[in-house]
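Here is a short note to go with your first look at this model. Please have the sequence and the 3D view open as you read.

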Amino acid sequence: MIIRSTDDIAPSEITPQAVHARRRELMVALGAGLAGGVLGARSAAAAETPQAELLDGVTRGRFATSEAQTTFKDATSYNNYYEFSTDKYSPAGLAKRLRVRPWEVVVDGEVARPRTIGIDELLRLPREERIYRMRCVEGWSMVIPWVGFEFARLARLVEPTSKARYVEFITASQDTMPGLSYRVLDWPYGEGLRLDEAMHPLTIMAIGMYGQVLPNQNGAPIRLVVPWKYGFKSAKSIVHIRFTATQPGTAWNKAAANEYGFYSNVNPEVDHPRWSQATERRIGEFRKRPTLPFNGYAEQVASLYTGMDLRKNF
Ligand SMILES: Nc1nc2c(c(=O)[nH]1)N[C@H]1C(S)=C(S)[C@@H](COP(=O)(O)O)O[C@H]1N2
Ligand SMILES: [Mo]
């Protein structure tokens, strides 16, 4: 037997693998649609942390990948949360200090009904499980069973006007966050999406993962999840959502515009200026795997970018 590194795998071998994975996803989606019920069994992860608040009434959502899930332990101990630390193992401990109550999300800008929405109201919206692949710009990836609701549902509460073309997400700044003393990023951490990206059914506001409320280090009490974009677009601990007519600034773009564009779609063909984006390491695995265009969600989202040069709009 010849042992090869994944770097040697020809594109012709990669394609059927991707098609196969998508076919399985479709079957999972169909199965979920037929079952359609409320998830019964608690995840093993939730059982491991008995003090965690479990979420009930979670239904199975669309687009669930059937790939193996990252362990709860890995997903909650290897995090990027720069307001706490630039080290990945520190947020798990440091973010215990994050104050998650009281919590309100201001939703304003180009909307007919601007509102300040209390977290309890957001937690009462019908929630579903979405098992998504997530890929960090640094080259690692995870598979996480999120719990949340489509961003579009939240948008309906405030009725965006015809002037709204973008959405800006602004995250919490607290005296509990030691990272704010270091001007690595222009705090508060902000992100942005084009309105049609935000309204896409894949885009969710997550309030939980693995059947329980979001651990602080993963962005409690509410965060964005956009699975076809690099991880940094999925802003944690959101306090303000603003609908705008013009493209908002984003934390990583302000920090290094040549490295992080506004779109930041996962794209194996457009390298980061300092490293390749062609492969990734799934946390828990040893061999690298090929990175898929739009992180494997091309079928769902590629049409959002028809006619755009994705090398220029990276
Ligand atoms: N507020 C805030 N949100 C953030 C970040 C951050 O530093 N601060 N890091 C981003 C990056 S780079 C990644 S990869 C993901 C990591 O999410 P996870 O820890 O839940 O895997 O969160 C994103 N959201
Ligand atoms: Mo990231």
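1. Where does ligand 1 sit? Ligand 1 sits in the largest pocket, where "sits in" asks that more than half of its atoms lie within 2 Å of the pocket's grid points. A pocket here is an open set of points on a 1 Å grid over the protein atoms alone, where a 1.4 Å probe fits, with protein on both sides within 12 Å along at least five of seven lines.

2. A word on the basis: this is a predicted model, in which local features need pLDDT of at least 70 and side-chain atom pairs pLDDT 80 or more, while totals for chains, interfaces and linings use all residues. Residues are numbered from 1 along each chain, ligands are numbered from 1 in the order written, and side-chain values use heavy atoms, without hydrogens and water.

3. Now look at the pocket wall. Its lining (residues with an atom within 4 Å of a point) has 29 residues, and N80, C136, W140, G231 and F232 lie nearest the centre. The strand β5 (a DSSP run of E, at least two residues) gives the most, with 4 residues.

4. Around ligand 1 there are 16 residues (a heavy atom within 4 Å), with N79, Y82, E83, R223 and K236 coming nearest.

5. Polar contacts, pairs of N or O atoms within 3.5 Å, are worth finding next. A backbone N or O atom of Y82 is 2.7 Å from an oxygen atom of ligand 1. Two nitrogen contacts of the ligand are at 3.2 Å, to a polar backbone atom of N80, and at 3.4 Å, to a polar side-chain atom of T171.

Technical notes: Polar contact = N/O pair within 3.5 Å; in protein donor to acceptor, adjacent residues only side chain to side chain.
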